[in-house]
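The exercises below go through one protein model step by step. Each has a task and a worked solution.

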Amino acid sequence: MTLVAGVDSSTQSVKIVVCDAETGAVVRSSRAPHPEGTAVSAAAWWDAYQTAARQPGLLEGVEAIAVGGQQHGMVTLDADGGLVRDALLWNDTRSAPDATDLVDELGGPQAWADAVGTVPVASMTITKLRWLARSEPELADKVAAVVLPHDYLTWELGGRSFAPTTDRGDASGTLYFDAATNTYREDLVRRAFGRMIDLPRVAAPSEVVGHTPDGIAIAAGTGDNMAAGLGLGLEAGSAVVSLGTSGTAFARTTTPTHDPTGTVAGFADATGEFMPLVCTLNGARNLVATADVLGVTLDELARLALTAPPGSGGLVFLPFLEGERTPSLPNANGELVGLTLSSMKPANLARAAIEGVLWSLAYGVDVLRDQAGTISAITLTGGASQSEAVRRIATSVFGLPVVVTEAFESVAVGAARQAAWALSGELPTWKVPVAGRYDPTDADVAAADDLMGRYTEVLRQHFDVPALKG
Ligand SMILES: Nc1ncnc2c1ncn2[C@@H]1O[C@H](COP(=O)(O)OP(=O)(O)O)[C@@H](O)[C@H]1O
Ligand SMILES: O=C(CO)[C@@H](O)[C@H](O)COP(=O)(O)O
């Protein structure tokens, strides 16, 4: 059996899977936690990878490996390859004013949508470059190169024996890469940082970029969402909704998108096509926080939520516990609206948290449809997709068929599939372990419409969101 490995280096942890290159079946796996916080040393991710990889026999017989990594994080290297400062992560909002400045300087949101397919918000690497140049000029002076989390791990995996590489999927999240022409926009780097820096070479989707000291072929790797797309075999016409630390909704298109409202980011995927994507800062952790407040486990939260009616008795939970990126409200706090003697029940709060987190992505799917065309089903993935309540409530929030998988590390498996592609030169067809499909009833579709109306109205009343659809 030919074996390949995939790595998911995401916000909260690293996961490694070893798969049969022919079928994709996972034969071994391991994981290790990442440090908390929105500014983290990239060395800690490499340490976590090494801890997970030390599991006896894990990588035995593996012939190729690839890394899917959390997107956008700014990893700064000096001329000797040392880390200049902690990486600022995708969910670090300190560069929000820099995003506003960059949007204005280029001539507004449409100019950015035209240039690189995406309007800057604090998550994007380019805004972090500007923040660094403005806020820490002495450190900025030391920066020779900037790479993304997956680029850094790929480089370390190769024992730093080749120059850093990236792929067009992850590069498209920097906002100084134009995925329509596959070129870096050096003018935008200079605009943000004041000078040019070394950037990783953009490898082809099925390329072997180097080898580990043990002789394992290393594939290009990609962003975690792009890897999940590969792991789930995403095709045009459906969307993936991921509930990890972030919430994301993304589709696959053959042409680039350019959404000037900033809701949909015009990223590239890991196959050579495009991946329009909506991302929120508030995924699974809002559910964890709600379970904590209610003093219950995540399983109990799910059981409780399923005892409440659709609409949670009138409770509306705007899930902005970590500020928000889509819509762009970096300084927002969450809101719980509609408290009455009858609605203020633990079960309603449990369900409202799930409805709120899913609603923000249902809103995203609505806008995604405008950009990507028909979306006729949703596949759920990410840590919180294992919640029975999330799975069952999703149909009455999206009003669409919802496909769920067995417990499945879609990012790590997608990275492994890319490794198999690089090894053989053929993208293998792997079976996705689908556990079930929930088709919405007429009542679910009506509940989804009602929820969308109520949430959009509360959002409109409580926050200034000029580009709000509907
Ligand atoms: N049954 C569940 N219900 C809700 N949240 C869950 C459940 N299982 C795991 N999670 C949450 O999912 C998150 C981890 O998901 P994951 O996709 O691995 O995140 P990331 O890729 O961002 O590190 C954690 O916050 C964890 O608490
Ligand atoms: O910023 C984005 C997508 O644009 C996030 O989706 C990050 O890629 C982090 O992902 P998770 O750690 O939540 O999987």
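Leaving aside neighbours within four places in sequence, Gln71 is in contact with Trp90, Asp170, Gly173, Gly223, Asp224 and Asn225; contact requires that the C-beta atoms of two residues, placed from the backbone, lie within 7 Å. This is a predicted model, in which local features need pLDDT of at least 70 and side-chain atom pairs count only at pLDDT 80 or more, while totals for chains, interfaces and linings use all residues. Residues are numbered from 1 along each chain as its sequence is written, and chains are lettered from A and ligands numbered from 1 in the order in which they are written.

**Exercise 1.** Find where Gln71 lies in the chain, and state whether Gln71 is buried or exposed.

Solution. Step one: Gln71 sits in the loop between β5 (62-69) and β6 (75-77). Strands (E, at least two residues) and helices (H or I, at least four) are DSSP runs numbered from the N terminus. Step two: Gln71 counts as buried because it has 30 C-beta neighbours inside 10 Å. The cut-offs are 20 or more other C-beta atoms within 10 Å for buried, 12 or fewer for exposed, and partly exposed in between, with C-beta atoms placed from the backbone.

**Exercise 2.** Do the same for His72, then check what UniProt says.

Solution. Step one: His72 is found in the loop between β5 and β6. Step two: His72 is buried, with 28 other C-beta atoms within 10 Å. Step three: not counting residues up to four places away in sequence, His72 touches Trp90, Ser123, Met124, Thr125 and Gly173. Step four: an unreviewed UniProt entry places the feature "binding site" at Gln71 and His72. Such positions are given in the numbering used here, feature names are shortened, and annotations may be inferred rather than shown by experiment.

**Exercise 3.** Describe the surroundings of ligand 2 and explain why it lies between the domains.

Solution. Step one: 18 residues are around ligand 2, and Thr11, Gln71, Trp90, Gly244 and Ser246 come nearest. A residue is near a molecule or strand if its C-beta atom, placed from the backbone, lies within 6 Å of it. Step two: α9 (224-231) and β19 (274-280) are the elements that give two or more residues to this shell. Step three: by class, the shell has 3 nonpolar, 14 polar and 1 charged. Here Ala, Val, Leu, Ile, Met, Phe, Trp, Tyr, Cys and Pro count as nonpolar, Asp, Glu, Lys and Arg as charged, and the others, Gly among them, as polar. Step four: domain 1 (3-225) and domain 2 (232-405 + 440-470) both give residues to the shell, so ligand 2 lies between them. The domain bounds come from an automatic or database domain assignment.

**Exercise 4.** Repeat the analysis for ligand 1.

Solution. Step one: of the 16 residues around ligand 1, Ser10, Gly244, Thr245, Ala284 and Gly383 come nearest. Step two: helix α10 (residues 284-294) supplies the largest share of the shell, 4 residues. Step three: the shell divides into 5 nonpolar, 10 polar and 1 charged. Step four: both domains give residues to the shell around ligand 1, so ligand 1 lies between them.

**Exercise 5.** Describe how the two domains meet.

Solution. Step one: the centres of domain 1 and domain 2, taken over C-alpha atoms, are separated by 26 Å. Step two: the contact takes 26 residues from domain 1 and 29 residues from domain 2. Step three: on the side of domain 1 that touches domain 2, α3 (109-116) and α7 (168-171) are the elements that give two or more residues. Step four: α3 gives the most to that side, with 4 residues.
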